[in-house]
Amino acid sequence: MSRGPLRRLLPPGAEFKIGRRPPRLLPALDLLLRRLGVIARRPEIRDAGPLLRTEQVERVVDVLVVGGGAAGIAAAEAAAAAGRPVLLAERAARLGGVADGYDGFVDGMPVTAWLDGRIAGLRGRDGVTILTGAAVTVLGADGAAFILDSSRLWRVAAKAVVLATGAAEKPLVFPGNDRAGVMLAAAARLGLRCRGVRPGRRVVIATTGDEGYRAALDLAAAGVAVERIVDLRLDPESATAYVVRSHGIRMAFGSAPVAVLGSGRLSAVVVANRFTVDGVALRHTIPCDALLVSGGFSPELRLAAQAGAALAFDAGLGAFTVIERPDWLFVGGAAGGRGNLSAALDDGWHAGAAAASSLGAAPPPAPVHTISVVADPAAEAVPLLPDPATPAEEAQATVDLANGVRVRDVAVALHEGFRSPRQLARYVRLGRGGADAATATLAAAAVVRLGGAPGVPDGWAETALVPIPLAALARAGSGIPPAPARAFPRPGEEVETAIRREVAATRATAGLFDLSTCGRIAVGGPDAQAFLDRVLATDLGVLTAGSAAPAVALDPFGFVHFAGDLAAFSPMRFVLNTAPEMRLRCQRWFTRWAAEWHDLDVSIADETSLWSAAWIGGAAAPSLLRDIADDAGSRPASGLLWRGHVGGAVAWAVPHAATGEPAVEIVIATAGMSALWRRLAGRVADAGGAIVGTGAWERLHLEAGVPDPVRDGGGVTTAADLGLGTLVAADKGDFVGRDALARPALAAAGRPRLVGLLLDGSDAPSPGTLLLAEPAGEVVGRVTRSGHSPTARRPIALGLVADGPNRAGDRVAFRRAGEWRWAAIVMPQRLGLSGSRRAVT
Amino acid sequence: MRAPVRRFSWFSLVREARRFGTGSEPARRPVAPADRYDVVILGGGAAALALAYHLRRLYDPPRVGLLSAGPLEGAPGAINAVLRTDRREPAAIALYAEARRRYEGLSRTLDFNLGLTPRGLLVLAHSELELDRLAYVAAVAAEAGAASWMVPPREARSLLPRLAPDLALPGPLAGALWQPGAALVDGEAVMWGFARMAAALGADIVEGCPATGLRLAGDRVAGVETTKGRVAAETVVVTDAAAVPLLAAAGVAVPLEPRVRHVFTMAPGPPVLDVTVESSLLGGLASRSRRGGMLLAVDAAPGRAAWSAASEAATRLTTLLPASSRLSLAAGASATTLATPDGAPILGPLGPEGLWACLGWDDGEVAAAPSIGTALAAAIGQGGLDAALQPFAAERFVTGALLDERPVREPA
């Protein structure tokens, strides 16, 4: 909507003012229009598409220098001279920046030749890496940079960063400034010098600083007719201006372009005096075919904003400046407002030296150069033209060329109440997409002029300078930890059938399950026991080394936060084993309280990846485990069956009988897991057992009625609700959540509590199904988990039912597929294992 | 009720464009706060602005002042706010379902295009646990009248054809929760639309006016101190989590904890998804924006910068949706919200008489704004909460009757 003839018909904020009533087309008409291509067709997506991945390079350096102009080269030299590894990244294909645009001499050599010598010297140094054609697109607040070169993404972690990103030339804002034939003076000048491209044959130059005069001299030397230099300043004091005057080029001071003429190509520029009210009388029309404009330079500070530096708009300079920066970030050269060669070299060196000295390297003395290059004074900051603009003129003057935003759009948006940078970016797209330095500066100047408060453009801190292809950003591999399979179906077998077969095989002979994803959080240190006493609700008084016991932790509101088995290895080391879904929760909880109670000397470590585990259960399990350990003389301890080695790896075995079968969990150092697994899998297969997936694992627990704090209640169930009341020792002394246990809602009678449900029919109600006292009657609870029990040969479920345990033997109604059905309430323990097939009704 | 704002029409828009916007009307004027209001609303979020609008719409005499600490701006990601009803508490589902119904005609009522885009929401289940939990949510939502049901993996794939075919390797696709009625809405447009109409109806919308203190007279609220002077009011509604320290100074404790999300914006590119998709493998939610880009919002641990998590997010996204490897990441930002420990907002009276709260949203503020605005305006008018809002009252943190709205995923 930003361009095209329609735009003249649409107001600012059109996105919000139009389409409030979605058009309703007849379906047939809609289809016809889509077929004809009048309405865009929805893309038809059939397949997943290819996965692209490109190379990624990771580097750690001491100093990252962004920008390979004169200042960047000096900064890299300074840091390298201090003995620090340096990475210099330049966006363009070669180093040197804008040095091509300047005549003059340094140490008796032409500027470019001298700079080439410096570059060659820098390339030859040890510890200096130079990337060209490499855009630094993101500089994170922690000093991490993303650099995109032609084929790769470089992820660079730097201890100090020097920004020598230079400055961008600002265009002028006047009616018709977005026309073809209006171009920036510096761009035209460098194009002429480096590629021999002339901007036109008859040229008018409008400028607020010396850059316009430099352009005039270069163009005159190339034989281009410079019709007029229109200087916006009333009384320019500069050496270059006097040189130009001596060339006989006509000049107008205190004037400005107010319109451009010509259809298609530019044919003339209308110039008027800036400082008189009756400007019309003083208008001149100057025929020309190109208009070069220069509004001074604006430091390129987008990376500084990303890195967390505070920027402010300086209306005097007409540019954003850094007012506060992180202590690892240094700004040098034109990016810091020092654009002249001698200043840039000096400032760049100092920035590089400061970066090195912030890392503890002695800064070397700055080299002294004899520089004879004419220095340009700062250009005048001129916000908008013509100075007294009419709405019609404002509607033709573009302030944000990239997004096609006119001055009038900004004025209307400000009038309508949209005043902050983000509001303006959304409402009229001003500075959208983290616009460049020049655009943002113009936009801020326009906002100042129109009476608003300028701010750092929306998105500067967040937007990548160049979008990063995800193919380059993504790392190798899936990034997703492998999850155990739900089941191991035979060819042609449904998942549910496989789950039932695996459960049946486990109950009949043996089942083998990979428990490696279970969380294992270690608590160590002299105060480990005291810490666990305060963070867990369970009384640990009897837990001696070498034993394990179930434990729960409560949240501050008295609900179960997580549960697990606590194994004691010594009074100084405990490991809490918990279900995979509670691993992070447990680790964060322990870490949080360890930090909060600094009187306790404890350390928390997530040892999940250090250990793997296999669970083997079923009637045949004990016999299958015979002689599994290497060392016959393993030492049994209370609670532990044995401790020793399997295949040379440290391992121990604990009884794990929650599923109602004789079962053992063998925990082993991860390196030894594959050997152990092969050995167990072979024995289980020989005995006619099955390797079980998570589906069968859950079903075995459902049959045994094992409560689960995550599945049964989602964080608002108490230990008593889950039937784990005995694990909470309210009288043992203070622990997290103890005070909350006395709150009325927790102590109330009639709380939903976990019960088992025996169901008739062939399928189980989904979790979440309401349970009612009778069809269409009072709601008494909900199903939390359900499934078909191969052992009981019927669907079973667990549910939270008001005052549930006291209703054992009652029946409740639920709706399934539009019909009312009945369920019998039983105690959850051994729900599916009782063997008897009672009728529910 | 004051005469409403002049409504936009094609004719008026073209006329305005022809005369360069010289006749445009301010959506809201920059105002200084008055000395006295009947109701002061602290904070400028979607719910606060909806409340200001409904208070003016329902009750003619009250003078309403809304004091926003900063400009009216949405958090990162607000541009693609998801209207969804997959919650665990029936009371919350009712609230969000009602809001979803109201959104249908809201662009017309507010005379402002809110960018309502109906796109279904697909929540993938990658494990037995997620399957159970989503099935629970689907059953609860279906009972409360919200259209949502479980779909088998095959159907989930047809809704999301770009899903990686070999997903069985990193994590199986066990099923999905499908919400055909879910939609995306531009959260910022919602704020501005409510602000414009509220201002037109006579509410003062004051931007850049942070409150610095709460004034009490005995056990009653007397007003607020702001950086722009003292404002007297009989009723103060706190909707800004940043104002919680003021509550603490006035002796009201509100349990809030920070939740961080990284929001990554992809540059416009080839279409990867049509429906909005949530997955624990993704660690969050991916949605398509109106302009053809993609927004990825992932849970994050507090204190981590967005860009430092970009690589991980890209890896997961491209694994789940391989076609997305042709997209480019344009922007990354972090959004921090202060949410209650149980994940449901605190609504209703708070401590001293005349003090109200509408606080502690985890991620549903925009999605609930239209219904919350009406319900809370009615409650303030009647001086108490009705049964539908009662479960959200702040007393639940004292009595222990917490709501079951805690987020399932732990941020990685």
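This passage describes two open β-sheets in a predicted model.

The nine-stranded sheet draws on both chains, with the strand order β25(A)-β17(B)-β13(B)-β16(B)-β15(B)-β14(B)-β5(B)-β7(B)-β6(B) and mixed pairing. Its edges are formed by β25 (463-469) of chain A and β6 (149-151) of chain B; each of these strands has a single partner, so one side of each is left without a neighbour in the sheet. On average, and with direction ignored, neighbouring strands of this sheet are turned by 25 degrees against each other.

Within the nine-stranded sheet, strand β5 (residues 121-125) of chain B runs antiparallel to strand β7 (residues 175-179) of chain B, and five bridges join the two. In this pairing, L121(B) is placed opposite Q179(B) of β7(B). Helix α4 (residues 128-143) of chain B lies across β5, β6 and β7 of chain B, and the helix runs at about 140 degrees to β6(B).

The second open sheet belongs to chain A and consists of five strands in the order β10-β17-β11-β12-β13, paired in parallel. Here the edge positions are taken by β10 (182-184) and β13 (251-253) of chain A, each with a single partner strand, so one side of each is left without a neighbour in the sheet. Neighbouring strands of the five-stranded sheet are turned against each other by 20 degrees on average, direction ignored. Six bridges connect strand β11 (residues 202-207) of chain A with strand β12 (residues 225-231) of chain A in the parallel sense. The bridge partner of T207(A) in β12(A) is D231(A).

Key
Residues numbered from 1 in each chain as written. Chains lettered and ligands numbered in written order. Predicted model: local features only at pLDDT ≥ 70, side-chain atom pairs only at ≥ 80, totals over all residues. Pairing = 2+ DSSP bridges. Helix = DSSP H or I, 4+ residues; strand = E, 2+ residues; numbered from the N terminus. Axes fitted to C-alpha atoms, helices over the stretch in contact; angles between N-to-C directions. Contact = placed C-beta atoms within 7 Å.
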